[in-house]
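Work through these exercises with the structure open beside you. Try each task before you read its solution.

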Amino acid sequence: MLSQHSSVLVVDDESALRKALRTSLTASGFDVEEARSGEEALGTVQQHQFDLVLLDVSMPGMSGIDACRRIRGISPQAGIVMVTVRDQEDDKVRALEAGADDYVTKPFKLRELTARLRAVLRRTRMSETVEPVVLRAGNLEMDLHERILRRNGEEIHLSPKEFDLLAFMMKNAGAPLTHVKLLRTVWGVEYGNELEYLRSYVRMLRKKIETDPSNPEYILTEPWLGYRFRDPSDPDTPRESAQDD
Amino acid sequence: MRHGQFHGFAKSARYALIGSITAILLAAICFRVHLDFASVIPLYLLLVVFQSLTGDFRSSAVVAFASTACLDLFFTEPLFSLRIDHPLNALALAGFILTSLVITRLVARVREEARSAKLQKDRLNRLYQLAQQLLGLDPEAPLGEDFLEPFRRLFGIKAVCIFEADSAELHLVGDSRELAVKTRDAYIRGLDLDDVNARVSVRRLQTSGQLAGAIGFEGLQDSAESAGALTALTVALLERKIAFHTASAAAAAAQTEIYRSAMLDALAHEFKTPLATILAAVGGLREAGPLAAEQETLADTVEDEASRLGTLTSRLLRTARLDNEHIRPRLEPVDVASVVAPVIRQYSARSSDRTILLTGGLESAHVSADPELVRLMVSQLIENACKYSRPGSVVTLSIERKDDFVSIKVSNNGSSIPRNEQKRIFERFYRGEDAKRSTSGSGLGLYVARKIALAHGGALDLETEEQGDRVTFCLKLPTTKDEFKHALTA
């Protein structure tokens, strides 16, 4: 398994939570180190390399967002998962903009956390290898060279923008993608507020690739944040996002 | 009053007597030194002017007639007789008396105006001082003795009394039980009162068109005019007191909201971290070693319940935030079916005791709405339906498309809302009598759900049925506008 002996740095100011996470993540096959604050985490990251950092957003002293930005600077290859407590989109967007790969919202089940950690780990490792020419997810197959999308072997016509949008989503399968990030990547850096564009393109893509567009299995909505592309064959990305309503 | 009139007459008579004696003396002296009629007239005019400057109009008029008589007796032919032979002399005397009276009248009027201006200035000055002293008082203190004392001191009033309708308190400064009774009486009758004999004036106090009390004065000079001014001042201060009270109540309410918000944030954090710890620990327990079947079941229970507590905390927090804030929905074209379907799945999985049934199929119906907020409203309605219906009952949901609206109806059997509570269930923090007894809740859910519906230009209503134990809530949302339709079909 990918997670075997992957190293995780758990950064949280609550000692009880750190202790529970250390025991549980160790039992799940991770090597766990702890840090009590953002400052301590920076020191630890400078000395050791970690595959993953689990970082609490709200801590006394240096905020989780600041710590995330600095850790990203020191250790670009580490996967960072933020722990947010306020279920508001602002924290999540800020965390992703600061370089986090994903987030979990407190309180989370251990299985949910380990799934997120494994998915992030897989993505960071994949990005180190050469980008594949053909992307696959469920019964979709996308040839990036030929710019062709096939569903169950049948070609589906996509406009150039639709293709770019879906290609970017499939390359980042499993990762949360903010509206702004999608707009800037697919439409250009001068975009960012044109949510209507994005929504109508997503709506059209869903019509073309989903069996039931009102109950999508590929392009999932992350409420108030953006979208997440799901590979149905990946058990680590559940269909219903782990939202507490 | 009669005493005053008599006093006035005596004073006028005294002045008239002195003036008349002076006129006779002047006649004697002038006669002695052989001054003629033409030379004497200016001297008498001077006397009349002097008289009008010192005395009042009545005495001056008497002196004018006395002077004319002296002129006739001593300086016109035939002497020592009131008869006048020469018509020119008669004309001169007539001119004299006319001029004297006109001068007297004019001077008297000027003096009267000067006196009244001085009085006016004096009253204004006292009013100003009074206002200054009253403004120095604590604006929120009750209008008691401290408030009334300056009235008495500055206006030399015998007694002053105020009745405040709000507190129904009566305050009196000075010794007059009669005034207290009259003041309260004027308030009850809603009429002003002027008792000239007792020198009592009572005025109603009206703030923003409402009768707020009455104020009574005893022994006030020029009571008709002064009472009006003093009442106006009292009303202004009463209004200031009300304004201060309103402002401080609003400030207190705002402060409470800030505390509430901060408390909720802190609670959310304080609750969620231990919950995360419990979940991490129970997950670790499972990972650490194979658990026996019953241990596995118990671990599942701990995990599920801790998650549920987390969800409840989040929901409470979000509802409380929405309650507190102006809701600004991020409108987008939303297919109601795509929002409702996951909620039904979620609640079906969660409440195994109740069946959640979608009647009429999941036809797509587009509205312009904030999908997250719609999800929140639908969740709230389904949750209420589950909560207030008996275990084993069926909760039904239907989506209907009308011209301008899409209605989402959620009904449950096995409970009813009493008629007197039907109107109130959407009120903030209101909880029905049965609800209070049978289940827990914040009393915010329906209030916030309706607030969200209204912010969308929609509505949330209770559909009442005359008979049976069935409760139906109908959520209406406006259908997608044309510009969105364009985006949908593009």
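**Exercise 1. A buried strand**

In this predicted model, B:Ala159, B:Cys161 and B:Phe163 point one way from β1(B), B:Val160, B:Ile162 and B:Glu164 point the other way, and all are buried. Task: explain why strand β1 of chain B is described as largely enclosed by the rest of the structure.

Step 1. Start with the general pattern. Side chains of a regular strand alternate between the two faces of the sheet.

Step 2. Apply the cut-off. A residue is buried if 20 or more other C-beta atoms lie within 10 Å of its own.

Step 3. Count along the strand. β1(B) covers residues 159-164, and 6 of the 6 are buried, so the strand is largely enclosed by the rest of the structure.

**Exercise 2. The partners of β1**

Task: find which strands pair with β1(B), and in which sense.

Step 1. Take β5(B), residues 210-218. It pairs with β1(B) in the antiparallel sense over 6 bridges. B:Phe163 stands opposite B:Ala214 of β5(B).

Step 2. Take β2(B), residues 169-173. Its pairing with β1(B) is also antiparallel, over 5 bridges. Here B:Cys161 stands opposite B:Leu172.

Step 3. Look at the hairpin of β1(B) and β2(B). It has 4 residues between the strands, and B:Ala168 takes a positive phi near 55°.

**Exercise 3. The whole sheet and its helices**

Task: work out the strand order of the sheet, then place the helices that pack on it.

Step 1. Write the order. Five strands of chain B form an open sheet, β2-β1-β5-β4-β3, with antiparallel pairing.

Step 2. Mark the edges. These are β2 and β3 (193-195) of chain B, each pairing on one side only. On average, neighbouring strands are turned by 15° against each other, direction ignored.

Step 3. Check another pair. β4(B), residues 200-207, joins β5(B) over 8 antiparallel bridges. B:Arg203 stands opposite B:Ile215 in β5(B).

Step 4. Add the helices. α5(B), residues 145-155, lies across β1 and β2 of chain B and runs at about 35° to β2(B). α6(B), residues 177-189, packs on the sheet and touches β1, β2, β3, β4 and β5 of chain B. Its direction makes about 155° with that of β5(B).

**Exercise 4. Backbone outliers**

Task: locate the cis peptide bonds before A:Pro107 and B:Pro78, then decide whether A:Asn152 and B:Arg199 are exposed or partly exposed.

Step 1. Find the cis bonds. The bond from A:Lys106 to A:Pro107 has omega near -5°. A:Pro107 lies in the loop between β5 (102-105) and α5 of chain A. The bond from B:Glu77 to B:Pro78 has omega near -15°. B:Pro78 sits in the loop between α3 (57-75) and α4 (87-135) of chain B.

Step 2. Take A:Asn152. Its phi is positive, near 50°. The residue is in the loop between β8 (148-151) and β9 (154-156) of chain A. It has 9 C-beta neighbours inside 10 Å, so it counts as exposed.

Step 3. Take B:Arg199. Its phi is near 55°, again a positive value. The loop is the one between β3 and β4 of chain B. With 15 C-beta neighbours inside 10 Å, B:Arg199 counts as partly exposed.

**Exercise 5. Core and contact**

Task: describe the largest nonpolar core and the contact between chains A and B.

Step 1. Size the core. It has 53 residues, and those with the most contacts inside it include A:Val8 and A:Leu52. Helix α7(B), residues 223-288, gives the most to this core, with 9 residues.

Step 2. Turn to the contact. Chain A gives 29 residues and chain B gives 35 residues. On the side of chain A, α1(A) supplies the largest share, 7 residues. By class, that side has 11 nonpolar, 7 polar and 11 charged residues.

**Exercise 6. Confidence**

Task: decide where the coordinates call for caution.

Step 1. Read the means. Chain A has a mean pLDDT of 87, and chain B averages 84. The model scores ipTM 0.81 and pTM 0.59.

Step 2. Find the weak stretches. The pLDDT is below 50 over residues 241-245 of chain A. It stays under 50 over residues 486-490 of chain B.

Step 3. Conclude. Where pLDDT is low, predicted coordinates should not be read in detail.

Note on methods:
Residues are numbered from 1 along each chain as its sequence is written. Chains are lettered from A and ligands numbered from 1 in the order in which they are written. This is a predicted model: local features need pLDDT of at least 70, side-chain atom pairs count only at pLDDT 80 or more; totals for chains, interfaces and linings use all residues. Two residues are in contact if their C-beta atoms, placed from the backbone, lie within 7 Å. Helices (H or I, at least four residues) and strands (E, at least two) are DSSP runs, numbered from the N terminus. Ala, Val, Leu, Ile, Met, Phe, Trp, Tyr, Cys and Pro count as nonpolar, Asp, Glu, Lys and Arg as charged, and the others, Gly among them, as polar. A residue is buried if 20 or more other C-beta atoms lie within 10 Å of its own, exposed if 12 or fewer, and partly exposed in between; C-beta atoms are placed from the backbone. Two strands pair if DSSP finds at least two bridges between them. pLDDT is the predictor's confidence in each residue, from 0 to 100. A nonpolar core is a set of buried Ala, Val, Leu, Ile, Met, Phe, Trp, Tyr and Cys residues joined through C-beta atoms within 7 Å. Axes are lines fitted to C-alpha atoms, for helices over the stretch in contact, and angles run from 0 to 180 degrees between N-to-C directions.
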